[in-house]
Amino acid sequence: MRAIRGAFFDFVDDPFLRPEMECLRYIADGLLVIDDGLIESFGEYREVRANYPAVEVTHYPGKLITPGLIDLHIHLPQTEMIAAYGEQLMEWLEKYTFPTERKFANPDYARRIAAFFLDELLRNGTTTALVLTTIFAESVEVLFQEAQKRQMRIIGGQVLMSRNAPDYLLKDPATAYAEVKQQIQQWHGIGRSRYAITPRFAITSTPEELELAGQLKAEFPDVYVHTHLSENRKEIEFTAELFPECDDYLHVYEKFGLVGDRSIFAHCIHLEEGAFQRLAEAGSTITHCPTSNFFLGSGLFPLHKSHGAKIGLGTDVGAGTSFSQFATMAAAYQTAQLQGQSLSAFKAFYLATLGGAQALSLASLLGNFAPGKEADFVVLDWQATPLMQLRNPELPVETLEQLESGLFGLMILGDDRAVAQTYIAGRPALQRNEAM
Ligand SMILES: [Zn+2]
């Protein structure tokens with residue numbers, strides 16, 4: 001058993017549905033007691049301490065402790081090719097992405113990148129991620145093995161591709177079906193790992209393959225479905241040509257039984273009339289990936305029109321330009337501003353914590369400091385750089401106005417330097433100087 005003392009901030013409800021101030025919780029001097037990787041007790045320091053007088057306490061004065069950040073869409077194999085110049089989606093895939101993904105046929109390379117990738121997530125305070133791999137079974141294996149070494153809650157799966165890509169990234173659907181089935185049995189629900197059936201997008205799967213993906217979902221209903229939807233105009237036009245019998249893009253996935261309450265669709269920028277409502281009715285999740293949408297010139301996700309669908313934030317590395325959820329929140333704010341809207345710091349942090357957990361149907365395990373949940377959290381330094389010190393001079397933060405201002409400064413100016421420590425299942429995951 002161990003305990004963490006400091007200023008804590010989390011959510012107990014959805015600030016998109018109820019007044020923000022009723023949804024958040026800030027404890028300026030709190031204590032979090034952890035037993036065997038789970039939160040045992042949480043509250044005001046002096047109250048909780050009285051019940052655990054002997055527990056060893058690590059104190060983080062002047063820092064802010066939040067639940068671990070959740071990344072709802074990221075590509076493991078694109079780690080190395082982040083920041084690839086000058087193209088929009090379809091050309092970018094051909095020119096940069098597919099050749100890099102090919103390298104994952106080599107298990108040594110795949111393992112080296114998987115280890116780097118997970119460590120980079122941890123350095124950025126991300127404790128849970130929904131991850132795309134490649135068509136190669138090796139890439140799935142190393143992801144889950146390395147995640148289990150770090151005890152991280154990672155959701156991922158083999159990418160299904162059977163047409164409209166170079167031959168070296170295509171796999172026969174029947175073979176892919178057999179491999180995915182075996183992987184679900186090997187990894188789904190083992191430790192903290194969860195599996196996602198992952199057709200890349202409608203364009204790169206034959207109808208036969210989508211049929212088999214739907215069959216897998218029917219065989220294993222609590223497995224996730226993870227794919228892309230309505231990101232780029234050319235992609236949408238090509239999808240319409242390939243599936244002329246479907247009314248719109250979302251209908252392709254609906255037709256094959258892939259739209260449900262554990263389905264996560266990245267982007268959804270140019271969705272057709274009524275599609276948001278169909279996603280909401282199905283209980284599906286949209287992942288907002290704003291740094292990627294800026295980078296590839298894909299467009300502006302209309303968060304304010306997406307009411308009802310569950311929403312999470314995704315870095316979408318390597319079209320996304322940062323592993324940091326702060327950069328993602330900042331870009332989500334800018335995306336809203338460009339549409340005459342806004343996004344408060346509270347709502348942005350909700351999306352990256354409890355909202356992300358809700359979107360993954362994992363809110364009973366993750367997302368805030370409720371006792372019984374898994375002790376994944378981050379210690380944030382809102383004075384991590386000279387500029388942030390100048391911007392956030394008032395510590396400790398006492399009022400909610402100060403908190404909101406400080407959080408906004410963090411999401412606009414923060415990066416991995418603002419992550420002082422990341423805890424996974426109650427243990428520090430970063431080799432950094434511990435607090436007093
Ligand atoms: Zn993506």
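## Pockets

In this predicted model, the second largest pocket encloses about 320 Å³ of space. Its lining comprises 17 residues, and those nearest the centre of the pocket are Asp-36, Gly-37, Gln-151, Ala-425 and Arg-427. Strand 2 (24-35) and helix 5 are elements that each contribute at least two residues to this lining. Classified by residue type, the lining of the second largest pocket contains 6 nonpolar, 5 polar and 6 charged residues. Domain 1 (2-67 + 368-428) and domain 2 (69-323) each provide at least three of the lining residues.

The largest pocket holds about 480 Å³ of space. A set of 22 residues lines the largest pocket, with Asp-14, Phe-16, Gly-308, Ala-309 and Ile-311 lying nearest its centre. Two or more lining residues come from each of strand 13 (310-313), helix 13 (345-352) and helix 14 (354-359). The lining of the largest pocket is made up of 10 nonpolar, 9 polar and 3 charged residues. At least three residues of this lining belong to domain 1, and at least three belong to domain 2.

## Domain arrangement

The domain assignment divides the chain into domain 1, covering 2-67 + 368-428, and domain 2, covering 69-323. A distance of 31 Å separates the C-alpha centres of domain 1 and domain 2. Across the boundary, 12 residues of domain 1 make contact with 13 residues of domain 2.

Both domains also take part in enclosing internal space. The second largest cavity lies between domain 1 and domain 2, because both domains give residues to its lining.

## Cavities

The structure contains 2 cavities of 30 Å³ or more. The largest cavity has about 110 Å³ of space. Its lining consists of His-75, Gln-78, Leu-89, Trp-92, Leu-93, Arg-200, Phe-201, His-228, Glu-231, His-267, Asp-316 and Ala-319. Helix 3 (residues 89-102) makes the greatest contribution to this lining, supplying 3 residues. By class, the residues around the largest cavity are 5 nonpolar, 4 polar and 3 charged.

The volume of the second largest cavity is about 40 Å³. The residues that line the second largest cavity are Pro-67, Gly-68, Ile-70, Thr-127, Thr-128, Leu-366, Gly-367, Asn-368, Glu-374 and Asp-376. Of these lining residues, 3 are nonpolar, 5 are polar and 2 are charged.

## The environment of Thr-134

Thr-134 occupies the loop between strand 6 (126-132) and helix 5 (137-149). Helix 5 is also one of the elements that supply at least two residues to the lining of the second largest pocket. Thr-134 counts as buried because its relative accessibility is 0%, which falls under the 20% limit for that class.

Apart from neighbours within four places in sequence, the contacts of Thr-134 are with Pro-77, Glu-101, Phe-104, Ser-139, Gln-158 and Val-159. A polar atom of the Thr-134 side chain lies 3.0 Å from the backbone nitrogen of Phe-136. By contrast with these contacts, Leu-24 is 110 residues from Thr-134 along the chain, and the C-alpha atoms of the two residues are 38 Å apart.

Definitions and conventions. Residues are numbered from 1 along each chain as its sequence is written. This is a predicted model: local features need pLDDT of at least 70, side-chain atom pairs count only at pLDDT 80 or more; totals for chains, interfaces and linings use all residues. Side-chain values use heavy atoms; hydrogens and water are left out. Helices (H or I, at least four residues) and strands (E, at least two) are DSSP runs, numbered from the N terminus. Buried means under 20% relative accessible area, exposed over 50%, partly exposed in between (1.4 Å probe, protein chains only). Contact means heavy atoms within 4.5 Å. A polar contact is a pair of N or O atoms within 3.5 Å; within protein, one must be able to donate a hydrogen and the other to accept it, and residues adjacent in sequence count only if both atoms are side-chain atoms. On a 1 Å grid over the protein atoms alone, a cavity is a set of points where a 1.4 Å probe fits but cannot get out, and a pocket is an open set with protein on both sides within 12 Å along at least five of seven lines; lining residues have an atom within 4 Å of a point. Grid points are joined across faces, edges and corners, and a volume is the space filled by probe spheres set on the points. Ala, Val, Leu, Ile, Met, Phe, Trp, Tyr, Cys and Pro count as nonpolar, Asp, Glu, Lys and Arg as charged, and the others, Gly among them, as polar. Domain bounds come from an automatic or database domain assignment.
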